[in-house]
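Here's a quick walk through this model, starting at the ligand and working outwards. Keep the 3D view open while you read.

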Amino acid sequence: MSTSPMTTVGGRLEADRIVGETARRRTFAVISHPDAGKSTLTEALALHARVIGQAGAVHGKAGRRGTVSDWMDMERDRGISITSAALQFAYRDCVVNLLDTPGHADFSEDTYRVLTAVDAAVMLIDGAKGLEAQTMKLFAVCRHRGIPVVTVVNKWDRPGKAALELMDEVAERTGLTPTPLTWPVGLAGDFRGVLDRRDGSYRRFTRTAGGATVAPEEVLSPAAAAAREGEAWSVAHEEADLLAATAGEHDQELFLSGVTTPVLFASAVSNFGVGQLLDTLVDLAPAPTARPDEAGEPHPVDAPFSAFVFKVQAGMDTGHRDRLAYIRVCSGVFERGMVVTNARTGRPFATKYAQQVFGRDRETIETAYPGDVVGLVNAAALGVGDTLYADRPVTYPPVTTFAPEHFAVARVADTSRYKQFRKGVETLAGEGVVQVLTSERRGDGAPVFAVVGPMQFEVAAHRMEHEFGARIALEPLPYRLARVTDAASAGELSAASGAEVLQRPDGELLALFSDKWSLRVLAQNKPHLTLVPMVAAELG
Ligand code: G4P
């Protein structure tokens, strides 16, 4: 089925429906360091929005809860979730899409790519640890993409840093001005509730057994709060006054333009602050808007269906090696069964098998609107960054390639399997499992795998052996840093010690360096060389 031209009455009604559905969408991801409580918060959000009856049914760590996605043995053994997809739920009159980001310490490029498909991010901080390394890396991507960020300080039920100190840390390290919407009553470890800075009321925190049900929230007037909490309330009140002078109030425009970040205090494990976060997302986070196409022209949300692939994943079902492409809808209505065009190849793609996937659970999806995520099964013809459209051609810009930080030469263990090796390398590169770099000097038989997180190497090696029947040996290279360069600089860079120039499949040249210092010295001594940073952690 295709969307009718918008000139007819029926077409206008259809366009109005799309605009209305789009305005109801909130699509976001949680960015955090491992252990800050992302899985716990995800479960709490799902519980709160009543996707599931009881926390613990969505996903979690091995041994803790029984629903870890198990598409690969490796993943199950380690108790981590390498897959990433979206959880969709209804909250108030909105449809919320929470895109999962793989949360292991060795996280990969997939984590970054998810951020190309969201309209907002929730930066989750452990109240005792403050801003940690991985949070900063992911924040750098949000900043680069201009994604508005809501900050949630988690684990306030445990001893931690002082709230004002955390606000200073956020301001200094991210450059965003924190505008707390709530302020904790009671020090970290003595979490009594929050002062709601928008109306001055007190939201009292009530514990429920094991945090397994939605925590009821008691709302008290300031006078009642003062009588109940005494000193803790007056301290919170004084600090909130102090904030009014320094941090300022929420300003929607400044938030959307990435100048400020609203802050909430929470205890995800007790479900406290979770409803406030959902309300904040519904009230403040942006709905999907017209996405700029390749030429920078915004493509209206009520144009016929269009979407882009932000992630491709293979081998989820061990019995039947399928390939799943996750698309984010950008315009129009997706209807299962529609035949769309892949802008890169010009070929049609039938969307008979469309699913909503989160962890292990898959559900057939019939209709989706801008902001929604759809998993397309049997997607062998789709690659990361591909645009799909119906009726009105459009091409979205390619999904950013993020700066790799680890490099290894891949060689086939058994040379009689060279053909399989080539096919495997090509497939993994197309899926974005690893970036594949080559050079004349190294030759075709020894491509360099470049990754953001070392775990990508393991995934690649595992798949090369089990899926393509080409076991590989990976020989680590001493580089840690990449810069985009050009042909004019390549010769001099290759001659420099501690540097090497390799080519990406799209022809772009990358100069690799072992550390910041060698790069800095070279850049200082030879300022004429082209060395452009890529989007990455190092920018943060
Ligand atoms: P992650 O996905 O960000 O890696 O974190 P995850 O939710 O797995 O949480 C990491 C640990 O922090 C878990 O404890 C979890 O229970 C705990 N946690 C999460 N939110 C809160 C909170 O608001 N307050 C407190 N006190 N703890 C919180 P664990 O010991 O690793 O697992 P478990 O045995 O407790 O489930």
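How many residues surround the ligand, and which are the closest? There are 18 of them, and the closest are G37, K38, S39, T40 and V269. Keep in mind that this is a predicted model. Sorted by class, the shell has four nonpolar, seven polar and seven charged residues. Helix 2 (residues 38-48) gives the largest share of that shell, three residues.

**Helix 2 and its surroundings**

Is helix 2 mostly covered or mostly open? Mostly covered: 10 of its 11 residues are buried. The buried ones are K38, S39, T40, L41, T42, E43, A44, L45, A46 and L47. If you want to find what sits over them, look for strand 1 (25-32), strand 2 (86-91), strand 3, strand 4 (120-126), strand 5 (149-154) and helix 10 (274-284), which are among the elements covering these residues.

**Two loop residues**

Strand 3 (94-99) also leads us to D100, which sits in the loop between that strand and helix 4 (109-114). Despite its place in a loop, D100 counts as buried because it has 26 C-beta neighbours inside 10 Å, and the cut-off for that label is 20 or more. D100 also turns up in the UniProt record: an unreviewed entry annotates D100, T101, P102, G103 and H104 as "binding site".

For another loop residue, try A496, found between helix 13 (487-495) and strand 29 (499-503). A496 has 18 C-beta neighbours inside 10 Å, so it counts as partly exposed. Its C-alpha atom is separated by 8.1 Å from that of L522, a residue 26 positions away along the chain.

**Two open sheets**

Now for a pair of sheets, each open, with four strands and antiparallel pairing. Here is how they are laid out:

| Strand order | Edge strands | Average angle between neighbouring strands |
|---|---|---|
| 7-8-9-10 | strand 7 (182-185), strand 10 (218-220) | 30° |
| 25-26-24-27 | strand 25 (435-437), strand 27 (472-477) | 35° |

Take the sheet with the order 7-8-9-10. Why do strand 7 and strand 10 each have a side without a neighbour in the sheet? They stand at the edges with a single partner strand each, so one side of each is left free of a neighbour there. Further in, strand 8 (residues 193-196) and strand 9 (residues 202-204) pair in the antiparallel sense over three bridges, and G193 has R204 in strand 9 as its bridge partner. Helix 8 (residues 231-246) packs on this sheet and touches strand 7, strand 8 and strand 9. The direction of helix 8 makes about 150° with that of strand 7.

In the other sheet, ordered 25-26-24-27, strand 25 and strand 27 are the edge strands; each has a single partner, so one side of each lacks a neighbour in the sheet. Strand 25 is joined to strand 26 (residues 448-451) by three bridges, and the two run antiparallel. To spot this pair on screen, look for V436, which stands opposite F449 in strand 26.

**Zooming out**

Over its 540 residues, the protein has 48% that count as buried. Its secondary structure comes to 14 helices and 31 strands. Among contacts with a separation of 6 or more, 69% are between residues 24 or more positions apart.

Notes:
Residues numbered from 1 in each chain as written. Predicted model: local features only at pLDDT ≥ 70, side-chain atom pairs only at ≥ 80, totals over all residues. Pairing = 2+ DSSP bridges. Axes fitted to C-alpha atoms, helices over the stretch in contact; angles between N-to-C directions. UniProt positions renumbered as here; feature names shortened; annotations may be inferred. Buried ≥ 20, exposed ≤ 12 C-beta atoms within 10 Å, placed from the backbone. Contact = placed C-beta atoms within 7 Å. Near = placed C-beta within 6 Å. Nonpolar A, V, L, I, M, F, W, Y, C, P; charged D, E, K, R; others polar.
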